[in-house]
Amino acid sequence: MRRGEVDSTTLLNALLTFTQAAQTALLQALHALGLTGDVHGQPAWPFAWRVAAETLLIDRGLTRHLALFLAAAVLALLLIALGALWRRARWPLWLAAVVLLLIAPKPSPSIVLTDAVPTSFHRSPSHFDATSIDRGLALYAQHCASCHGTDGRGEGLAAASLAVWPPTLSAGLLWKRAEGELLWRVLHGMNARDGTQTMPGFAGRLSEADAWAVLDGMKALSAGESARLEASWPWPVRAPGIDVRCDGGPPRALSEWRGQRVRIVTEGVVAGVNVVREVRGEARVKAENESFSSWREDPRVVTIVLRPNHAASASGCEAASPAAWRAFASVAGLEAQSLTGTQFIVDRDGWLRALGTAGQADWSEDNLICRSDESASRLTSSKPEADGLGALIARMDADPVQATQLGLPHSPAQTRSP
Ligand code: HEC
């Protein structure tokens with residue numbers, strides 16, 4: 001990627017953030033004034049349209065247009081405010097504001113606006129929590145897999161008899177849509193242009209929390225399928241939210257480790273599939289088929305051990321959420337009984353970045369399966385790293401996840417150390 005393109009990605013990102021924040025602020029103001037009520041637990045967007053930040057992604061020319069228009073609008077507002085304060089120059093300033101607005105390039109509303117629903121700006125309250133993912137996967141199997149397929153590719157048993165094929169989840173669909181609009185579609189269904197229903201609504205069968213959970217489950221499923229089939233997480237996935245206990249202390253949320261790199265090590269085997277050999281007097285439970293057998297505490301990462309039965313041991317940090325094992329198995333695209341030996345690296349911002357497979361001897365850069373397509377040579381320094389984990393970390397740190405809202409792809413940040 002050349003310099004100019006990096007800059008335009010940064011501009012785009014700023015514009016996306018701005019348009020979303022401005023609309024959210026408008027919604028909150030309307031709600032505070034009592035001009036709009038609540039729907040599905042959060043303030044309802046009262047308009048039938050919204051600014052379609054996502055079309056900016058498709059049309060970069062439009063982005064520049066909109067940026068210029070916004071700059072002109074902000075300047076005009078400043079002139080109007082200045083005119084209100086400075087009486088003597090009031091009319092010239094206000095005239096200048098009007099002229100500025102008239103000559104500013106105005107993007108066509110039909111491109112900038114899109115249809116909205118009352119939940120367009122709703123935010124998921126579940127934070128991709130392991131419990132929510134686990135519940136969502138069960139609900140998905142129960143209510144959705146018949147059409148959407150157990151793998152989410154839209155080829156469930158009932159799909160062929162539908163007028164419209166369900167979409168595949170493998171193309172980043174869940175990342176490209178506003179999450180509030182996905183919620184609306186799950187609860188209220190979708191219709192074809194002629195009004196016939198294409199996707200049934202689940203408002204009577206799923207609560208709001210269930211609907212958010214099923215979206216978490218679908219995201220985990222989609223991430224897991226990409227990991228399984230393509231060894232990649234093309235759309236950045238958060239580490240599932242879990243509770244962690246350190247040295248027998250009280251449970252703390254994994255998010256408290258933001259700012260540090262975290263390694264999740266899966267140890268032990270699912271009861272009934274293999275026998276866990278517990279070595280008395282030793283801090284760690286060793287499983288017969290444990291791999292990365294030489295893993296040790298490492299100062300470059302905080303190590304958290306994940307066990308299928310979340311049995312706590314006295315030393316070190318351990319996952320304490322009952323759903324953690326299944327949630328991590330799902331994002332890795334593995335059956336629960338096959339997760340043992342898998343490791344995950346979570347970056348300082350809480351994104352799942354690297355997946356180490358059972359049986360692999362050491363880390364390498366290839367384990368970084370959530371990365372931009374920036375060439376490795378641009379991102380890593382010429383200084384050779386001491387080991388595989390070092391090389392992986394250097395590459396990961398040089399290539400942070402910049403933004404993922406409304407489908408903005410993972411792109412390298414503009415500023416990075418030389
Ligand atoms: C009767 C079959 C059927 C069932 C059951 C079903 N869906 Fe769908 N779903 C569809 C079809 C068909 C579409 C595409 C509709 C369209 O594009 O008009 C769709 C589309 C979607 C979309 C894409 C929405 C978008 O923004 O494009 C999501 C998300 C979704 N379904 C989630 C679910 C969830 C979650 C469940 C279970 C709670 C579920 N579906 C159950 C048939 C089904």
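**The ligand shell and the confidence of the model**

Me: Of the 21 residues around the ligand, which come nearest?

Reply: This is a predicted model, in which local features need pLDDT of at least 70 and side-chain atom pairs count only at pLDDT 80 or more, while totals for chains, interfaces and linings use all residues. Residues are numbered from 1 along each chain as its sequence is written, and side-chain values use heavy atoms, with hydrogens and water left out. Among the 21 residues around the ligand (near it, with a heavy atom within 4 Å), those that come nearest are Cys144, Cys147, His148, Arg185 and Met199.

Me: Which residue has a polar side-chain atom 2.7 Å from a nitrogen atom of the ligand?

Reply: Polar contacts (pairs of N or O atoms within 3.5 Å) reach the ligand from several side chains. Arg177 places a polar side-chain atom 2.6 Å from an oxygen atom of the ligand, and an N or O atom in the side chain of Thr198 is 2.7 Å from a ligand oxygen atom. The nitrogen atom of the ligand, in turn, has a polar side-chain atom 2.7 Å away that belongs to His148.

Me: Which element gives the largest share of the shell around the ligand?

Reply: Helices (DSSP runs of H or I, at least four residues) and strands (E, at least two) are numbered from the N terminus. At least two shell residues come from each of α7 (145–148), α9 (179–188), β6 (197–199) and α10 (208–230). The largest share, three residues, is that of α9.

Me: In which helix is confidence highest?

Reply: The chain has an average pLDDT (the predictor's confidence in each residue, from 0 to 100) of 84, and 83% of the residues score at least 70. Confidence is lowest in strand β11 (residues 276–277), with a mean of 36, whereas the highest mean, 98, belongs to helix α6.

Me: How many contacts beyond four places in sequence does the model have for residues 270–291?

Reply: Where pLDDT is low, the predicted coordinates should not be read in detail. Across residues 270–291 the pLDDT stays under 50, and the contacts (heavy atoms within 4.5 Å) beyond four places in sequence number 39.

Notes
Polar contact = N/O pair within 3.5 Å; in protein donor to acceptor, adjacent residues only side chain to side chain.
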